[in-house]
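Subject: Handing over the structure

Dear colleague,

I am passing the structure on to you with this email, and below it you will find my notes on what came out of it. Please read them with the structure open beside you.

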Amino acid sequence: RMFHDEELEESEKFYVGQPRVLLLIYALYNTLVARSEMVCYFVIILNHMISASMITLVLPILIFLWAMLSVPRPSKRFWMTAIVYTEVAIVIKYFFQFGFFPWNKYVDYTKDKPYHPPNIIGIEKKEGYVHYDLVQLLALFFHRSILKCHGLWDEDEKGENSSSKEDTDDELSLAGGRRDSSGSLKSVNLAASVESIHVHFPEQQTAIRRKSSSSGSQLSHRSSFSSHRSKRGSTSTRNSSQKGSSVLSIRQKSKKELIMEKFREQMIKAKAFTVKNIVKLHCGLCCFRALQVYVPIRQFFYNLIHPDYSAVTDVYVLMFLADTVDFIIIVFGFWAFGKHSAAADITSSLSEDQVPEAFLVMVLIQFGTMVVDRALYLKKTVMGKVIFQVILVFGIHFWMFFILPGVTERKFSQNTVAQLWYFVKCVYFGLSAYQIRCGYPTRVLGNFLTKSYNYVNLFLFQGFRLVPFLTELRAVMDWVWTDTTLSLSSWICVEDIYAHIFILKCWRESEKRYPQPRGQKKKKVVKYGMGGMIIVLLICIVWFPLLFMSLIKSVAGVTNKPLDVSITITLGGYQPIFTMSAQQSQLKDLNQTGFNEFLRSYRDNTAALQFLEGYGKEDITLADLEGNSNSLWTISPPSREKMIQGLLDFSAEFTVVLSWSIQSAAAISTCFFRTSESRPWIVIANSTKGLCTRRRTLEKVYPYYIKAPSDSLAKPIKQLLSECGWENITVSLVKNVSDEGVREWWVLNQLGKRYKTSEESLELFVFSDKVSPPSLGFLAGYGIMGLYASVVLVIGKFVREFFSGISHSIMFEELPNVDRILKLCTDIFLVRETGELELEEDLYAKLIFLYRSPETMIKWTREK
């Protein structure tokens, strides 16, 4: 061994011999140390998500527009800014926790108001007001200790000191009109009429070293400065010699006179400067303060957009996935971005032809940002990406924390869906900043799913192509924002050929990895695995409506309790004689004992037992209807006489109409029954004093058991009625003659009630069918025939296209080797990215000729 140390070997053995849990803790700690800045970012964002105030808003914006854009890492100035700002925020929050502030006296009343000024600023009184700020400060100090341990904390300060030592004061004064090699402004010369004011701004430090031209320019500046200084020295010497020769011819003045003359001269200059240039000096100072802020920011973004060296990367796929997750959050949690906080269901809203405004706005904004991001990626413009990043960061933070709380009438910290959406968007901001810092890739070749040829990429790519309009939209956007000479149809043709060849390449690679020897039959695992799965899938598709409609109510169905049960009886075509409704307490549920007795009463009736198998005790409701009509009988005298004549006519039929209505949460079920009587079964007496009653019996007219399905038709249950007959009821007309006048009403009473009571009443058993849950109501509403027409036939059409028409595509499907065609497509993408548009046309013509010539296709795709 070239190097041997027993202590190091013993230390390594000791480390390897530690328990796995301890090794895992070591690994997690090392990961934490290696990504300590990410921990700081996470804690800052988490603090802002929970606090959601203007105080905590500053640091997240600085993260996305300063820290994550710094090359190669955030400077010491940023971390000091974050530490000092966190400390100041803690002190401010602590100061405003005292009770003598007016807004702290009504905390319970104002704590949930999103636009209460202390809540917006972040100085409201609350428990645990500083917990997350302390965690944030702890994370920042931890990161600072890590940087100090690695010698990275004072790196920027050393760089500034070394650069300042190289420059002299004279060089700084002459740097007024000079720019560096990258064209950045290093100093500003604000000239006055008498004197010049030189304002110098130090050059922004960056971790990327610029090209050698910058050092060369510095040498040239120094040489020009030395020559200028030598000229200045020679001029002063010449002036001094001329002055010395003139002194001999002039009378020598006294020292006092010289001092007074010099003083007067300086006073004159001062007055002239004060009178003539006071406005210019004021403007110069204002510009000086403004440029102190503007120039470093401009220099920072200029160096970011025009780097001399950058390690390009491509994280567009991750940004697209983050946007897709946000899109899914909007679709399934759109209610969180609207005024009402009830967890609505988007499927039910769309089934009612209602598009929520919050859902529409959020979807359009999210989709629009995805389109703009795709355009910037194809154009590879870093400046546009920087502008888009700045607009998105400020726009989304302003919307999420100032507009959304007013729309939803809830604080952002109380909106869990919005918090989740914002966190995913922060991940997008981080990826976007990383893309800006590293730069866009030089070439964008094909789809990211086509980089490998395996089953995973194959199925993902085919799933990508199955998404409606996604492939078409991507192809059109790529054609719009990519420099090419191909027409849109030609572009789509190349994309379709490339997708087809990629799929064939994946199948050819799978055949090479899992070869099938000649003359050997297919294994049962393959036949029963693939074939059996297809058989099961086709059977499920064919019988899906029947299985769905039968299982959705029996397994996942919910009981549809009736809310109102109404009975109406009409004699002939005249005004109803009896109307009554049962609601709330008059609708009773059967207990287990009553349900068991009900089943035992039909133990000898097979048809009844078969019907009762589909119902439980929770599906049966007993409606107790009052016997007295809830309305007076107010028939006109002519109609009354005509009704009496009709009842006395033995040869004519007199119709009795009994109708019922059952209202539930799902639907309103109504039905009626007609019966004809050939004898006068009732006598309407003349007016007498007091209370007069005439009672007659109606046979087999009352439906004791009613089935209330989910549709609009309620039917009597003939299986439970004895010999398919109905129950008998008695009808009585009660007349009350008093000083107030004559009042008449009808009274009904059921004979043979199951639960006998002394009062005159009607009993009605309602059997309610189960209904589908609201989440599956949009499918159950189609019914069996609707599902067959809308689902099975559509899927069957696609399956038929897969199994038929194969013979017409043999020459394009059965290609043994597609490497040369795949390389030709890749060459088209490559020359397009490099700007060789004439060569792109030639290669496209070659590809079209290849597909037009079967002989050439055979030569190109034969095995090597």
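What percentage of the 864 residues in the chain do buried residues make up? The share is 36%, and please keep in mind, here and in everything that follows, that this is a predicted model.

Overall picture

The chain contains 31 helices and 14 strands. If one takes the contacts in the chain with a separation of 6 or more, 73% of them are between residues 24 or more positions apart. The chain exposes about 52,000 Å², and 61% of that area is supplied by carbon and sulfur atoms.

The nonpolar cores

The largest nonpolar core has 70 residues, and the ones with the most contacts inside it are Phe 64, Trp 79, Phe 337, Met 400, Phe 412, Trp 421 and Tyr 422. Helix α17 (residues 416-438) gives the largest share of this core, namely eleven residues. Where does this core lie with respect to domain 1 (14-150) and domain 2 (315-444)? Both domains give residues to the core, so it lies between them.

Phe 412 is a useful residue to look at here, and if residues up to four places away in sequence are not counted, Phe 412 touches Met 49, Ala 52, Met 400, Phe 401, Pro 405, Ala 418, Gln 419 and Tyr 422. There is also a second, separate core, which has 52 residues and includes Leu 590, Tyr 602, Leu 622 and Met 643.

One helix and its buried face

In helix α19 (residues 470-480), the buried residues are Arg 474, Ala 475, Met 477 and Asp 478. Seen down the axis of α19, these buried residues fall within an arc of 165°, so they line one face of the helix. As general background, an α-helix has 3.6 residues a turn, so residues three or four places apart point the same way.

Charged pairs

Side chains of opposite charge can pair when their charged atoms come close. In this model the count comes to 18 salt bridges, and three of the pairs are described here one by one.

Lys 126 forms a salt bridge with Glu 124, with the closest N and O atoms 3.5 Å apart. Lys 126 is partly exposed at a relative accessible area of 33%, whereas Glu 124, at 11% relative accessibility, counts as buried.

Lys 385 forms a salt bridge with Asp 373, and here the closest N and O atoms are 2.7 Å apart. The two residues are twelve residues apart, Lys 385 being in helix α16 (residues 382-408) and Asp 373 in helix α15 (residues 357-379). Lys 385 counts as buried at 0% relative accessibility, and Asp 373 is buried as well, with a relative accessible area of 2%.

The side chains of Lys 505 and Asp 819 also meet in a salt bridge, at 2.4 Å from N to O. Lys 505 lies in helix α20 (residues 488-513) and Asp 819 in helix α29 (residues 819-833), so this pair ties together parts that are 314 residues apart in sequence. Lys 505 is buried, with a relative accessible area of 8%, while Asp 819 is partly exposed, with 26%. Besides these pairs, Arg 374, Arg 474, Asp 478 and Glu 495 are joined into one network by salt bridges that share partners; two of its members, Arg 474 and Asp 478, are among the buried residues of helix α19.

One further residue belongs with these notes. Arg 640 lies in helix α25 (residues 637-648) and is buried, with a relative accessible area of 16%. Arg 640 and Tyr 574 are 66 residues apart in sequence, and their C-alpha atoms are 9.1 Å apart in space.

Backbone details in the loops

The peptide bond from Val 71 to Pro 72 is cis, with omega near -5°, and Pro 72 is found in the loop between α4 (54-67) and α5 (76-95).

Lys 380 is not a glycine, yet it has a positive phi of about 55°. Lys 380 is found in the loop between α15 and α16 and is partly exposed, with a relative accessible area of 24%.

Phe 469 is another residue other than glycine with a positive phi, in this case near 70°. Phe 469 lies in the loop between α18 (455-466) and α19. Is Phe 469 buried or exposed? At 68% relative accessibility, Phe 469 counts as exposed.

With best wishes

Definitions and conventions: Residues numbered from 1 in each chain as written. Predicted model: local features only at pLDDT ≥ 70, side-chain atom pairs only at ≥ 80, totals over all residues. Heavy atoms only, no water. Helix = DSSP H or I, 4+ residues; strand = E, 2+ residues; numbered from the N terminus. Buried < 20%, exposed > 50% of the residue type's maximum accessible area, 1.4 Å probe, protein only. Contact = heavy atoms within 4.5 Å. Areas by Shrake-Rupley, 256 points an atom, 1.4 Å probe, with all protein chains shown as cover. Core = buried A, V, L, I, M, F, W, Y, C linked by side-chain atoms within 4.5 Å. Domains from an automatic or database assignment. Arc of directions from axis to C-beta. Salt bridge = Lys/Arg side-chain N within 4 Å of Asp/Glu carboxyl O.
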